Amino acid sequence: MDDKHSKERSKRATDRGGGRTRRTTRPPAVDDRFPVPLCGVAVDPQTRCAHWDDTVDVVALRFGCCETFFPCHACHVETVDHDPEPWPRERFDDPAVLCGACGETLTARTYLDGDDACPRCGAAFNPGCRRHRDRYFER
């Protein structure tokens with residue numbers, strides 16, 4: 001599908017759930033509210049999605065297979081036509097995480113070595129994400 005139709009589909013998928021604008025975006029379109037290429041299912045302005053919607057679910061992670069950020073693994077599975085590949089270990093010093101609270105991009109190393117909070121704005125990140133980090137980052 002060409003980019004024009006993809007953008008139109010993304011706009012039609014926008015809804016006003018809970019007072020927060022949510023969008024579903026599928027590549028090649030990206031959600032223009034963010035400073036990085038980001039796609040996902042029912043994504044709010046702080047990167048919460050249809051799958052993870054708690055106050056601490058404010059990160060989007062970049063996948064090695066397509067260089068695109070997604071709020072979660074399930075968003076990747078639902079919106080693209082290829083298998084997800086974690087961010088490669090040799091690129092852990094490249095931007096790979098977006099803080100949905102302030103828009104800061106973090107390296108994988110900074111995120112993985114951190115204390116489940118954004119080093120710039122202090123927003124809490126979901127500590128439960130540690131249980132499935134292998135979906136996002138090579139070991």
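In the predicted model, L61 of strand β3 stands opposite F70 in strand β4, and L61 also has a bridge partner in strand β5, namely V97. Strand β3, which spans residues 59-62, is thus described here through both of its pairings. With β4, made up of residues 69-70, β3 pairs in the antiparallel sense over 2 bridges, while 3 bridges join β3 to β5, residues 95-99, again with the strands running antiparallel. The hairpin formed by β3 and β4 has 6 residues between the strands, and E67 in this hairpin takes a positive phi near 65°.

The side chains of β3 were examined next. V59 and L61 point one way from the strand, whereas A60 and R62 point the other way. In a regular strand the side chains alternate between the two faces of the sheet. The residues on both sides of β3, V59 and L61 as well as A60 and R62, are all buried, the arginine included.

A search of the whole structure for contacts between aromatic rings finds 5 aromatic pairs. One of these is formed by Y111 and F137, whose rings are tilted with respect to each other, with 5.8 Å from centre to centre and 40° between the planes. Because Y111 lies in helix α3 (residues 108-113) and F137 in the segment after α3, the pair ties together parts that are 26 residues apart in sequence. Both members of the pair are buried, Y111 as well as F137. Y111 and F137 also belong, together with F92 and F125, to one aromatic cluster.

The cysteines were considered last. With a disulfide taken as a pair of cysteine sulfur atoms within 2.5 Å, the count comes to 0 disulfides. For C39, the nearest cysteine sulfur is that of C66, 7.8 Å away, and C39 is accordingly in no disulfide. C39 has a relative accessibility of 1% and therefore counts as buried. For C72, the nearest cysteine sulfur belongs to C49 and is 3.7 Å away, and C72 is likewise in no disulfide. C72 is also buried, with a relative accessible area of 1%.

Conventions: Residues numbered from 1 in each chain as written. Predicted model: local features only at pLDDT ≥ 70, side-chain atom pairs only at ≥ 80, totals over all residues. Heavy atoms only, no water. Phe/Tyr/Trp six-rings, centres within 6.5 Å; stacked < 30°, edge-to-face > 60°. Helix = DSSP H or I, 4+ residues; strand = E, 2+ residues; numbered from the N terminus. Buried < 20%, exposed > 50% of the residue type's maximum accessible area, 1.4 Å probe, protein only. Pairing = 2+ DSSP bridges.
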